[in-house]
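Biologist: I'm new to reading structures, so could you walk me through this one?

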There are 2 protein chains.
Amino acid sequence: SVNPDLASERQTASFSVEKLTAWLDGGAEHTRIRRAVVEAIQSDPVFSRENQYFQSQNERYEAAVRKAVHLQKKMREMGWTENGPEFKYIYRALSGDVAFLLHRVFMRSILVLGSDKQIAKWIPLATKYQIIGSYAQTELGHGTYLQGLETTAVFDITTQEFILNTPTISAMKWWPGDMGRSATHTVVFAQLFIHGKSYGVHPFIMQIRSLQDHSLCPGVTAGDIGPKMNFEHADNGYLMLQKVRVPRENMLSKFCEVQPDGTYVRSGSQKINYFPMTTVRVSVISDEVIIPLMKACTIAIRYSVVRRQSKLKPGEQEAKILDYQTQQEKLLPQLAAAYAFHFINNYLQELLDRGYREIQRRNFDTLPELHAFSSGFKAMVTQYCTSAVEICLRACGGHGYSLLSGLPSLYTKILASCIYEGENTILFLQTARFLIKCFMAVSAGHHVPPSVTYLAAVKPGKCPAKNKLDFLSPDIYTEAYQHTAVRLISSTAAKLQDLIQSGVKKHDAWNQCTVQLVQAAKAHCHYISVENFAETVEKLETKAGIQKIMKHLCDLFALHGIFSNAGVFLYDGYISGAQMDMVTESYLDLLAVIRKDAVPLVDAFDFTDKSLNSALGSYDGQVYQRLYEWAQKSPTNKQISPAYEKYLKPLLHNTLSKL
Amino acid sequence: SVNPDLASERQTASFSVEKLTAWLDGGAEHTRIRRAVVEAIQSDPVFSRENQYFQSQNERYEAAVRKAVHLQKKMREMGWTENGPEFKYIYRALSGDVAFLLHRVFMRSILVLGSDKQIAKWIPLATKYQIIGSYAQTELGHGTYLQGLETTAVFDITTQEFILNTPTISAMKWWPGDMGRSATHTVVFAQLFIHGKSYGVHPFIMQIRSLQDHSLCPGVTAGDIGPKMNFEHADNGYLMLQKVRVPRENMLSKFCEVQPDGTYVRSGSQKINYFPMTTVRVSVISDEVIIPLMKACTIAIRYSVVRRQSKLKPGEQEAKILDYQTQQEKLLPQLAAAYAFHFINNYLQELLDRGYREIQRRNFDTLPELHAFSSGFKAMVTQYCTSAVEICLRACGGHGYSLLSGLPSLYTKILASCIYEGENTILFLQTARFLIKCFMAVSAGHHVPPSVTYLAAVKPGKCPAKNKLDFLSPDIYTEAYQHTAVRLISSTAAKLQDLIQSGVKKHDAWNQCTVQLVQAAKAHCHYISVENFAETVEKLETKAGIQKIMKHLCDLFALHGIFSNAGVFLYDGYISGAQMDMVTESYLDLLAVIRKDAVPLVDAFDFTDKSLNSALGSYDGQVYQRLYEWAQKSPTNKQISPAYEKYLKPLLHNTLSKL
C-alpha cells in the first residue's frame, strides 16, 4: 500500500502525469515501447540489481559482463536490433551496470574514421562479438591534451607494419574501459612517425589478447587500474606496449592514409579525429547525466514528503520536510534543471544531426561550432547536474548517505562525467575561444553561425522590469541572461586586447584571462539553456495543464540562476538592487507554487522502483520499512564478525568483572 | 629520489617551512611530540592502512576494531595517557580508521550529564574497556529534532525501573556508531513518562549485549545498518527495544532526577542536554574537517606541480598545471580556507573553554551563544571544507577519481560531516534565530555578547577603496563583510516583522524567511572567519617571512569570498561595479603570488606519506610510478576473473572464426 503522505500528493496534480510522460518521451507510442523494454529487462533475473550495493569490485565486474553477454541473447529473443526503436531504451532500462560500452565506442570510431574496407572487415566481427573492442586514448600522463600523447607508431616500410611502443611509464594507456580484463582489441591513439618525421596522433586497430585463450599478446602488458570512486563494474585498464607490430591496413584511414611507400596522404580535415569525441560528449549528456539527475530528484522529492521533521505550526503534527522553504529551495531548482537539460539535450541532438549530415557531404564548416557547443554544454550540464545530485543527496540527511538510498552511487558516478571525455575547465576554455573569435568576427561585421549572432547585440541599457510579476516574463529574463553573456564575453575580449596591446605576450595574456573566460563560457551556455527552455514552453500547446507547469519550471530555472549568480546581473546595474528584491520574491513565490506539483513532476519521469533501486525513493513511499529490510540483507549482518573472537572478547574478558 | 618538478618548488620558499609548522602546532615542542606520536603509530604494522582502498566493509570493520584494541596496548607501552600531551595527536596519526569513537562520546555524556555517583560507577568500567559504550540518539524517523524522538522510557514505580520501548518502526535507533556489532552498553535517549505524564527527552544507560558471550540482551534487537558512502569501518547500528527494563539509577541525573516516589526534580537548565552535542560539533571541526581539507590541498597541490598538460608558451615544454590561472583559482582559495579554519578552530576552542568553565560554576548564560556559534560554524566549516575537498578531487582530473589518489575517501567521509551531529540547514537556522534575537536586543539598547555587538553598527555608507591595492587592507574587506552581515540580518529581521505585522502567523513568517535567514547566518560566520584571520595575522610577529605569506592568504580568503559572492556586496552599492573590478584584479594577482609558495605552504601541514595514503600526494612526487605499482596490488589483478570462463569465452568462441 502507498504511504498516505505520498498518496495525497498525487491527488492534487494540476496536470496529467501520463500526458507529460508521453510528451517527454516524444509521443505516447515511444512511452509504450520504452515501458515494454523496461519490463522485459527488469523482469529478467539476470539483469537484477538487487545486491548491487553489497558487491565488491570483482563481483560487479562479473555481473556487468554477465549482463552484457545475456543482453545479446535477450535482444535476439525480443527481436530488438541496433536500428530498432527499442534500442535506445535498453541502456536506461539496465541502469548502467553493464560491460562493453567501450566496445560501442570502438565500433563508432571505426565507422567514423575507418575506410569502407576497414568497416567491412571489422564491424561484422565486432557486431557478432567475435572480437571485443576498447578505445585506448588517455595515457597515465596525458588526458584531454591529445597532441601530448606519448605512445608512438613508427612505420616500418620493410614489413609494411607500424611498430607501436610505450616509451615511458607516463605513456602507458590508462583508464580505457573494457580494457583491463575484457577486450581482445582496441583502437590505440599514437604519434605517427614515417621516416623519422612526426605526423601527429592517429588511431590504430590492435589486438591485445588471444582469441583462443585470452592471454595477452606478445609485447602487451595490460591489467585493471584498481578501485575507483564508482564504475566498479568497469574494467578500466592500463596497457603498455613493447614494440608491438600491427599491419599497415590497421591505421584508420578514412581521412588520411600511409601508402606502401610511406607517403602520407590526407583527405579531409584532421579535425575530424575529434568528431567521435563530439558525439560521445553529447551522448554523455543524455545518458549519463540527465537521467541520474531525474532519478535523484525522484528519490529526494518522494522522500521529502514522507519524512516529517519538527513542527511548522505549534500544536500540529510534525511537518513534511518539503513544506519547509529551505527544502523547497534545495530541491525544486534541481527539478527545474532536470527539465531544462532534457530540452537542451533535444537542442544539441538537432545541432549534431545537422552537422553530421554536412560532414558526410565532406563539408567540415560546422565542426568548430559543434565542437564549441558540445564542449561547453558537456561541461556546463555535467557540472550543474553533479552539484544537483549532491544537493539531492544532502537534502535527504543521514539516510541519503546510506548506499541503500541509491543517491551515493548516483553521485559518485555522475561526478566522473565532469572529468571523462574532456576535463570541464579545458572544455569551457575551448568554448570561450570560439565565442571570442565569433565576437571579434561579428564586431568586424563578418558572418557567424546563427547560434551566436546575439553577440552583435551589444547595448548597455537596463532591465525594464517594474514589479515582481515582470520577472515571470521570459522576454525580461532571457534578455537579462543575454545581456550578461554578451557583457562577460565582450569585457574579457577587451581585457585580452588591452593586455596584448600593453605588451603582454599573447599566450600569457590568454592565461591571465582564463578565470573570466570560463565565466563567459558558462554565461553563454546558461543563456542558451534559458532561451531554449522558454522557446520550448512557448511552442507547447496548452494541454492538460502541462504548459502552465512547464512555464513555472522555466521561470524557476531562470530566476534561480539570477538569484544564485546575482553579482553578474548587478555588476553594471543592468538589474538594480530593488529589482533583485523582485527577483527574490518571485523566485521564493514560485517555490511554493511548484511544491504542490513536485511529486507528479517526478512521477512523470516514469522510473520503476527497480530503476531507482532506492529504499527512499520507491513509488509506495514505504521508506522506513524498506531501509530496515534492506539493511538486514547486508553482508555485515550475515555472520558474527571474527572481530569479536579475535579482539573484542579478549578485551572485555581480560578484565571482566561482575557488574 | 624526489621528482625534480616538485623539488624545485621547495627551493624558492619565501619562509621557513619548519617554523610555520611549529607555529601551527602551537610551538616547536608540540611539533616534536606530534611527530613522535605519528612515528610510533605509523611504524607499527598493526596500524597500517596500506590495503585500505581494497578492503570490504567487513574487512574494514575488523581492522578498525583491531586497531582500537591494539591502541590500548600501545598507549600503555608508550606511557601515553588521556590527559597527556600526546593524546590529541593519536587520532590524527591513525588517520581515522579506528573503532570505539562513540565509546568516547558515551563516556563524555556520562561525565557531563551523570551524577557523581554515576560517574564513579561507569567511567572506570569504560576506561578499562570492561564495557564498550555507544550513544543512541538518532532514530530511523528522527535526527536533528530531538523533541520528536519516539522511543519511550516509562517509569515503573513498583520495580523502580524504567521500561524502554520502541513503539514504531520509525522509532528504532538508527546510525549510532560502534553499536551495530561492538557495543555492550549505550546511552539511549528516550521520552520520559512518569504516571502517564511526559517530561521530554532524557538519557539512560542501558546494556545491550552480554558481557559473557556478546549475545543481545533480552528484548534487544540490534545490527548493522549496511553499506554507506564511507565509514565502512564503523558499525553504525540499529537498535529496537521491546520493553527493556533499566534500573532507576541509570537515568543520567546531574541536572534532573526521578526520585523513588516518581517525583521529577530538575536542577539546572534542561538545555544542558545539548551541551555534549556542542562540544562534539566543535571537535568535528578540528578532527574531521580541517585536517581532511589540509590533506586534500597537499595532495592536489603537489600533484599539480608534477602533472604537465598542454603548452602555456608555444615551443616550450608542457606546463605544470599549477601554472594555469584556472588551476590556481581552484586550489589556492581552498588552501587559504584551510588556514582560515585552522584559526577559527582556535577561536572556537577558546569560546568553548570559557563557556565550560561557566557551566561548571552552574552559570548557564553562555549556552545560547555557545550553541549558536558551534552550530553556525559547524555548518559553515563542514560545508565549505566539503566543497573544497571536492574541488581538490576534481582538480586532479581522472587520477583524482581513483581511490588510490586518497581524494575520494577524503571526500566521501567529509561529506558526512554536513549531515551528522546536526543537519547544516537546521544549524544555520538556529544561528540565525540567535542573531535575529541579538539584533532586536541590540536595537532596543540591550546587552548582547561581545561577539555580536557589531550588529549595533548599522550604517549605510560605501566602501572607501579607491584602487586595487586598497582591497589588500584588512580594514577595508573586514568592514565590507561586516556591512553585508549586518545588512542581511537586519533586512531579514525587517521582512519578518513586516510579514507578522501584515497578519501572517509567526511560524509561517519564519518559514517564508528561512532561505534568507540561512544566507544571513552564513554571512555572519564568514565575517567572523575573515576578521579572526586578519586579527591572527596582525598579532603574529614578523618571523622568517611567515607573517607576510599569512597576510597574503588572509587577503586571498577574504577576496575570494567577495569575488564568489559578489551579489551580496554589490546589492546596495556598498561595493560598486568599478570596485568589484579592483577586487577581481587584486584577487587574480594574489593567485600568482601565492602560487610560488604553494608547495611549501602544504609541506608545512607536515603530513607523512602514510597519513596521506595517496599515490598522487607523496612527498617525493613519484606519481605515475606509484599509481602503477599500487594498481597492480588491486584484487582485480590478483587472479583471472571467473567472468572469462563463464561468459567471455563462450561469447567469443561460439562464433570463433580465423582472423
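Modeller: Sure! Let's say that two residues touch when heavy atoms of theirs come within 4.5 Å. Keep in mind that this is a predicted model.

Biologist: Okay, let's try that on A:Gln191. Which residue's backbone oxygen does the side chain of A:Gln191 reach?

Modeller: A:Gln191 lies in strand 5 of chain A. The residues A:Gln191 touches include A:Leu146, A:Gln147, A:Thr151 and A:Ser198. One of these gets a side-chain reach of 2.8 Å to its backbone oxygen, and that's A:Gln147.

Biologist: Is A:Gln191 buried or exposed?

Modeller: Buried means under 20% relative accessible area. A:Gln191 has a value of 10%, so we call A:Gln191 buried.

Biologist: What does strand 5 of chain A form with strand 6 of chain A?

Modeller: Strand 5 (residues 185-194) and strand 6 (residues 197-207) of chain A pair in the antiparallel sense over nine bridges. A:Phe193, for instance, stands opposite A:Ser198 in strand 6. With two residues between the strands, and A:His195 in the turn at a positive phi of about 50°, what they form is a hairpin.

Biologist: Which residue does UniProt list for "active site"?

Modeller: The listing comes from an unreviewed entry. The residue is found in the loop between helix 12 (407-416) and helix 13 (424-443) of chain A, and its contacts include A:Arg281 and A:Lys378. It's A:Glu421.

Biologist: And how accessible is A:Glu421?

Modeller: Partly exposed covers the range between under 20% and over 50%. A:Glu421 is therefore partly exposed, with a relative accessible area of 27%.

Technical notes: Residues are numbered from 1 along each chain as its sequence is written. Chains are lettered from A and ligands numbered from 1 in the order in which they are written. This is a predicted model: local features need pLDDT of at least 70, side-chain atom pairs count only at pLDDT 80 or more; totals for chains, interfaces and linings use all residues. Side-chain values use heavy atoms; hydrogens and water are left out. UniProt positions are given in the numbering used here, feature names are shortened, and annotations may be inferred rather than shown by experiment. Helices (H or I, at least four residues) and strands (E, at least two) are DSSP runs, numbered from the N terminus. Buried means under 20% relative accessible area, exposed over 50%, partly exposed in between (1.4 Å probe, protein chains only). Two strands pair if DSSP finds at least two bridges between them. A polar contact is a pair of N or O atoms within 3.5 Å; within protein, one must be able to donate a hydrogen and the other to accept it, and residues adjacent in sequence count only if both atoms are side-chain atoms. Lists of a residue's contacts leave out its neighbours within four places in sequence.
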